[in-house]
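Colleague: Can you walk me through this model? I'd like to ask as we go.

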Amino acid sequence: MDTALLIEKFSLVIIVFLISLGIAAYSTYFERKLAAWIQDRIGPDRAGPFGLLQPIADGVKMFMKEDFIPKNSDKWLFIIGPGISMFTALITSTIIPWGPPIEIFGRQISLQIADFNIGVLFIFGVVSIGVYGIMIGGWASNNKYSLFGAIRASSQMISYELAMGISLITIILLTGSLSLTDIVKSQHGMNWNIFYQPVCFLIFFICSLAETNRAPFDLAECESELVGGYHTEYSSMKLGLFLFAEYVSMFISSALMAILFFGGYNFPGMDYFDGNTLAILGVLAFFTKTFLFIFVFMWIRWTIPRFRFDQLMHLGWKTLIPAAIINMLITAIVIAFNKGWF
Amino acid sequence: MEAKEHYKANELTDLSKDTIDGEIATINFGPTHPSTHGIFQNVLQVDGEKIVSAEQTVGYIHRAFEKLAERRPYNQITPITDRLNYCSSPINNIGWEMTVEKLIGAEIPKRVQYMRVIIMELARIADHLICDSVIGVDAGALTSFFYPFTEREKIYELYEEICGARLTTNIGRIGGFERDFNETFHTKLKSFLKTFPPAFEEFNSMLERNRIFMDRTKGAGPISAERALNYSFTGPNLRAAGVDYDVRVAQPYSSYEDFDFNIPVGVNGDTYDRFMVRQEEIRQSMRIIQQAYSNLPEGPYKADLPEFFLPPKAEVYNQMEALIYHFKIIMGETHIPAGEVYHAVEGGNGELGYYLISDGGRNPYRLQFRRPCFIYYQAYPEMIKGMTISDAVLTLSSMNVIAGELDA
C-alpha cells in the first residue's frame, strides 16, 4: 500500500467525519428554524446573523453543563451508551459514495472511503448495533421511564429492521450487487430505482423514520409520556451525543435513500460533463437530494402526531413486512420472467 | 403482590380475561411529569405498557379558597375565583357575581346580560382551544399547539380591553361592569369574529381527520353515559358520553334562552368524542357571540347597586351618600342579606356551581365551589384501567383536568 493512498484515505475520512458532524449540527439549527416557520414563529435568531451560530452555542452549553451520573446507575454502561449511539451513527458514512471519482494531482480518487462488496449488509449490521446504545443507556440509567424508552426502542428497531431488510432485497435483485457503488452506477442519469420500486421506497422510508427514532415513531423519547425516554437521566455532552447521534443517523438515512432510490450522485444530463466538473456537480446533486430528505424528515416531525406503541408494532408486523414480502416476490417473478426462466 | 390482588378484585373492566405475565411495576405518573399539565400525582401499577390499576392524589396545590372566602368581603372573592379554572377565568368571575346577585335579588339590565354572554363565550372558546390543542401536543403534534394560540391571544387582548388583565381577569363587578365596552373592544371583536372561523378550521383540519390522531384517540379513556352520570360528570365530558346536559339550556342564566345554539353530543365518551364535542362547542360559541353582539341592547352597563360600585371621586367629595358608599366598599363593609343560594354556570369544563350561605354579615358564612375537574379526576383511574400509558396521558388532557380547579 503506497503512502499516497494512505494520505488520500486518511484525509477523506477526516473530511467525511467533519461533513457528517457539520451537517448534523446545522440540522439542529435547520430543524429549529423549520419548526418555527411551520408554527408561525421566528426561531433562533440571537446567536450570530440569522442565528447561524446557534449550533455552536448549543454545543458550548452542552459542554458547560454538569455531567451528572445517577447514584444507582451502572456507571460504565451509562458512559458507553451514548458512545455506541454516536459511533454507529457515524460509521455508516464510510461506505457512502459521495460522488463520482475526482482527479487531483493526476490521481484518480474515489469519493468513497471503503467500497465494500457487501455494503448493504454492512449498513444493516451497523444499524442493528445502533439500538444497543439506546438500550444500554436506558437500562443503565436505573430509571423506569428510561427503561420504558429502551424497551420501546429495541422492539421498534428490531421490528422495522425486518421490513427494511426485506424491502431492500428488491433493490439487490434489480442491481444484482450488494455494493453501494454498483447500485449507484446502475442508476446512471435518470434511471433511478424509485421509478421501478416506488412501494419499496415507501416501506424503506417509513422504516428509516422508525430506525432514526424520528416522529411519528419517536416513541423511545416521547416527551409527553416518558419524560425524556431513554435519555431522561442524561445530562451534559452525554445527552448531547444522544441527540446528536439522532441527527447524524438522520443525515445518513437521507443519504442512503438518495443512493438507493434517487440515483445518488447521478443527475439527468450528466453525460454532457466529465472529469472534475462531473464530480463536483455529482456531489452537489447528491447533497441536494440528501438535504431534501432531511427536510422531509423534519416536515413530518412537525406535522403529524405519533403512534401508540401497539399501533407501531401493528404497522410494522402486519402492514410493512407483508407488503415488503409481496413486493419482493413480485419483483423476483418479474425479473425471472424477463430473463426467460419461465 | 398487593397489586395483583387489587387487579383480581377489580370488576369494573374485563381485564380478568388477560393474564399478567412477569412483574408489575409501580411508576409515578406525576407530580412533575411533563404531561400532567399541573401538579397531579397518579401512582400507576403497570404490566409492561398496560395499566393494571391507578391511584390518584389530590391536594398538591390546595389553597383553601373556600376557607379564605369566609374572611373576605364579597367583591374580594372574585379574584379568588380567577384561580379556579385559570383557562377561562371570566366564566368563574361572572358565575360568582351572578351568585351574589341571585342572593340579593338584583335586577340585571339586559345589556349587562348580553355583555356577559359575549365574554363567557369568548372564555369558553379560549378554554376549549387550550384543551384541544393540548390533546394534540400529548399525541405528539406540537404544531397544533401554536396554531390556535394566535387566535387565543386575540381573546386575551379582548379581556385586556374590558378589565386590563389577561389571565387572572377579575372581570366585571357584582351587578355589572365597571365600564362599558370601549371602541377598541368593538374593533377587535369585529375583527376576531371575521378572522377566527377560518383560523379555527385550519387548526381543526390538522387533527380532526388525521389518521394517526384518530387511531390514537378513538377508544382511549372511554366512559359510558351511565358511569359518567354516576360520577356526576357534567359539561363536555358528559356530553361526549352522549348525555345532552348543558346548564345553559337546562337552567338558563344571563339570557341564554334568547340565543339559538346546538348542544353537540358524542357517542362513546372516549378521547376523540371529547375532542370533537369541544371543537363543535367552539363553533356554537361563535354563533352565540355573533347573535349576542348583533343584538346587543342599549342601556346601562351596570345594575342600580350603589353598594357595589365605587362612586365617582367628585361625588365622594361633595355628597354624603357617595362618601358613605365609598367608605363601605373600601373597608369591605357591604352587608348581604342572610340566605342560602346555589347558582351554576356552564364553565369551560362543566357545571361550575357556587353554594353560598350568608348570615347577613360582610362575608359569606360558607362558600362551596362545585368544581367539575374535581369530579372528573375521581373517575380517572377507572377510565384508564386496562389502557396503555400513552392513553392515560391523552385521557388526562382530554378531560381537561386543571390543577387550579381540581384543588381549589
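Modeller: We will take chain B, then the contacts of chain A, then one loop residue.
This is a predicted model, in which local features need pLDDT of at least 70 and side-chain atom pairs count only at pLDDT 80 or more, while totals for chains, interfaces and linings use all residues. Residues are numbered from 1 along each chain as its sequence is written, and chains are lettered from A and ligands numbered from 1 in the order in which they are written.

Colleague: OK, how many helices and strands are in chain B?

Modeller: Chain B has 17 helices and 6 strands. Helices (H or I, at least four residues) and strands (E, at least two) are DSSP runs, numbered from the N terminus.

Colleague: What is its radius of gyration?

Modeller: For chain B the value is 23 Å, which agrees with the radius near 22 Å that a compact globule of 408 residues would have. The radius is taken over C-alpha atoms, and the globule rule is 2.2 Å times the number of residues to the power 0.38. Along its principal axes the C-alpha trace of chain B spans about 85 × 45 × 35 Å.

Colleague: What share of chain B is buried?

Modeller: Of its 408 residues, 48% are buried. Buried means that 20 or more other C-beta atoms lie within 10 Å of the residue's own; exposed means 12 or fewer, and partly exposed is in between, with C-beta atoms placed from the backbone.

Colleague: Which strands pair with strand 5 of chain B?

Modeller: Strand 4 (residues 339–346) pairs with strand 5 of chain B in the antiparallel sense over 8 bridges, and strand 6 (residues 366–370) of chain B does so over 5 bridges. Two strands pair if DSSP finds at least two bridges between them. B:Glu340 stands opposite B:Ile357 in strand 5, and B:Tyr355 has B:Gln368 in strand 6 as its bridge partner. Strand 5 (residues 351–358) is mostly covered, with 6 of its 8 residues buried.

Colleague: What is in the turn between strands 4 and 5 of chain B?

Modeller: The two strands form a hairpin with 4 residues between them, and B:Gly350 in the turn has a positive phi of about 145 degrees.

Colleague: And what order do strands 1, 2 and 3 of chain B take?

Modeller: They form an open sheet of 3 strands in the order 1-2-3, with antiparallel pairing. Strand 1 (25–29) and strand 3 (50–57) are the edge strands, each pairing on one side only. Strand 2 (residues 41–47) pairs with strand 3 over 7 bridges, and B:Asp47 has B:Lys50 as its bridge partner there.

Colleague: Switching to chain A. How do helix 4 and helix 5 cross?

Modeller: The axes of helix 4 (residues 119–140) and helix 5 (residues 144–175) of chain A come within 8 Å and cross at roughly 175 degrees. That makes the two helices roughly antiparallel (an angle over 145 degrees). Axes are lines fitted to C-alpha atoms, for helices over the stretch in contact, and angles run from 0 to 180 degrees between N-to-C directions.

Colleague: How many residues of chain A are in contact with chain B?

Modeller: 21 residues of chain A are in contact with 25 residues of chain B, contact meaning C-beta atoms, placed from the backbone, within 7 Å. Helix 8 (223–226) and helix 11 (309–338) of chain A are the elements giving two or more residues to that side.

Colleague: Last one: is A:Ser186 buried or partly exposed?

Modeller: A:Ser186 counts as partly exposed, because it has 17 C-beta neighbours inside 10 Å. A:Ser186 is in the loop between helix 6 (180–185) and helix 7 (198–211) of chain A.

Terms used:
Angles under 35 degrees count as roughly parallel, over 145 as roughly antiparallel, 65 to 115 as roughly perpendicular and the rest as oblique. Two residues are in contact if their C-beta atoms, placed from the backbone, lie within 7 Å.
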